[in-house]
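Thanks for coming. I will put one structure on the screen and walk through a few parts of it.

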Amino acid sequence: MSKRKAFRHFWENIIGGAFALLGLLLLALIFLLGRFVDMSMIGLPASAAQPTPESSAVTEDPESLPEPDLSANPVMPVEAEYTETDQKLPTSGVYAIDGASLDLTMNNIDFEMKEKQRLEEERLRRIAEEKRREELRRQEEARRKAEAKRQAEEAARKAAEAKRIEAEKRKAEEQRKIEQAKQEAERKKAEEQRRAEEAKQKAAAEAERKKEAERKKAEEAKRKAEAEAAAKKKAEEEAAKKKAEVEAKAKAKAEAEAKAKAEAERKAKEAREAEAKLASLNVGTPSLDGLQSAVPGYGQGDVDAYSATLLSVVKRYYSVPANIPSNLSAKFVIKINAQGKVTDVKLSKSSGYPLFDSSARNAIMSASPLPLPSNSALRDAAIKDGILFNFTL
């Protein structure tokens with residue numbers, strides 16, 4: 001509790017005590033005043049309030065007193081109401097005191113005193129309650145301050161702990177950096193040593209390479225000289241050989257030309273003979289002029305039958321090109337084997353339309369194997385000499 005509040009409570013206690021004393025004095029005054037009023041109402045002078053021997057006897061044994069003559073001196077109760085016309089009480093003489101009025105007055109005084117005491121106790125209770133509340137407030141304030149102090153100390157402790165941890169982390173980080181720098185320095189040193197060793201090895205290898213290159217260069221020069229000498233010798237030999245070859249080729253050329261000329265004449269003769277034979281086997285032209293006398297064993301009917309069969313088979317594989325006239329014909333020399341397989345097709349006479357000639361030739365190749373003639377003599381002649389086939393649409 002603060003000094004100001006203690007000072008205030010001190011003065012409140014002083015003032016409360018003074019008011020309590022003043023209340024007691026007031027109650028005593030009221031008590032005396034009440035007695036004085038009661039005496040005045042029953043007609044007693046103020047001096048009657050003082051005890052006398054007679055009055056003492058009366059107050060000591062009220063039952064021994066004779067009953068007063070109420071007709072001569074009537075006693076009015078305190079509660080009675082008076083008006084202006086009421087008869088005044090005599091102001092002299094000895095009268096009896098109304099006990100009920102006195103008890104009422106005393107009860108009033110006692111009630112007032114008790115009420116004052118109650119109020120005083122209530123005031124003191126309020127003061128005590130205020131003190132209790134103030135003490136609770138003080139305790140709460142002390143608790144709050146203690147809690148604030150505790151929290152502040154806890155915050156300070158945590159801050160110190162955080163600062164310590166941060167310092168440890170910083171120290172650990174610095175140590176790590178030192179270790180890392182040390183390791184990096186060692187790594188660089190090892191790297192430099194490795195590079196120096198590699199440079200040394202490289203220099204040695206380079207020296208060895210140069211030495212080997214010089215050796216190879218010398219060997220190459222020697223080889224080149226030997227090669228040049230050999231080449232020169234070979235060139236001379238080649239020149240002599242070429243000269244001999246040229247002379248031999250010239251001689252061979254002359255001989256070949258003579259031989260080719262003779263061969264050409266022979267082939268021309270054979271071609272003329274073959275064409276004459278093929279003309280006799282032309283299945284596209286069913287003419288037997290000179291055929292029976294040249295190749296006995298089959299007649300025109302055999303040629304016509306085979307010609308129709310062969311033409312029918314080839315047309316199955318023929319694809320008519322666009323924009324081709326319908327009255328074209330081309331002659332082919334067809335070579336077949338004993339199984340009827342086409343081994344060669346040569347154009348003997350063109351139709352004048354290369355596209356038609358090519359389509360006809362493809363049809364002949366696609367129709368392979370071709371059917372063989374049923375006549376054995378015609379079949380043998382076709383396999384041996386070929387067929388002069390006239391393809392028409």
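In what order do the elements of the protein run from the N terminus on? They run α-α-α-α-α-β-β-α-α-β. Counted up, that is 7 helices and 3 strands. Before going on, please note that this is a predicted model.

Some overall values. The protein has 393 residues, and 17% of them count as buried. Take the contacts between residues at least 6 apart in sequence: 72% of these join residues at least 24 apart.

Now to the C-terminal part of the element list, beginning with a loop. Between helix H6, residues 354–366, and helix H7 there is a loop that contains Pro369. The peptide bond joining Ser368 and Pro369 is cis, with omega at about 0 degrees.

Next is H7 itself, which covers residues 376–385. What caps its N-terminal end? Asn375 does, with a side-chain oxygen 3.0 Å from the backbone nitrogen of Ala377. After the helix comes Gly386, and its phi is positive, near 90 degrees.

Which residues of H7 are buried? They are Leu378, Ala381 and Ala382. Looking down the axis of H7, the buried residues fall within an arc of 100 degrees, so they line one face of the helix. As background, an α-helix has 3.6 residues a turn, so residues three or four places apart point the same way. As for what covers the buried residues of H7, the list includes helix H5 at 300–315, strand E1 at 329–336 and strand E3 at 387–392.

Last, I turn to a pocket, the second largest one. It holds about 330 Å³ of space. How many residues line this pocket? The lining has 14 residues, and those nearest the pocket centre are Phe19, Ala20, Gly23, Lys116 and Glu120. Two helices that each supply at least two residues of this lining are H1, residues 3–41, and H3, residues 99–280. Sorted by class, the lining of the second largest pocket comes to 8 nonpolar, 2 polar and 4 charged residues.

To recap two points: the buried residues of H7 line one face of that helix, and both H1 and H3 contribute to the lining of the second largest pocket. That is what I had for today.

Conventions:
Residues are numbered from 1 along each chain as its sequence is written. This is a predicted model: local features need pLDDT of at least 70, side-chain atom pairs count only at pLDDT 80 or more; totals for chains, interfaces and linings use all residues. Side-chain values use heavy atoms; hydrogens and water are left out. Buried means under 20% relative accessible area, exposed over 50%, partly exposed in between (1.4 Å probe, protein chains only). Helices (H or I, at least four residues) and strands (E, at least two) are DSSP runs, numbered from the N terminus. The arc is that of the directions from the helix axis to the C-beta atoms. Contact means heavy atoms within 4.5 Å. A polar contact is a pair of N or O atoms within 3.5 Å; within protein, one must be able to donate a hydrogen and the other to accept it, and residues adjacent in sequence count only if both atoms are side-chain atoms. On a 1 Å grid over the protein atoms alone, a cavity is a set of points where a 1.4 Å probe fits but cannot get out, and a pocket is an open set with protein on both sides within 12 Å along at least five of seven lines; lining residues have an atom within 4 Å of a point. Grid points are joined across faces, edges and corners, and a volume is the space filled by probe spheres set on the points. Ala, Val, Leu, Ile, Met, Phe, Trp, Tyr, Cys and Pro count as nonpolar, Asp, Glu, Lys and Arg as charged, and the others, Gly among them, as polar.
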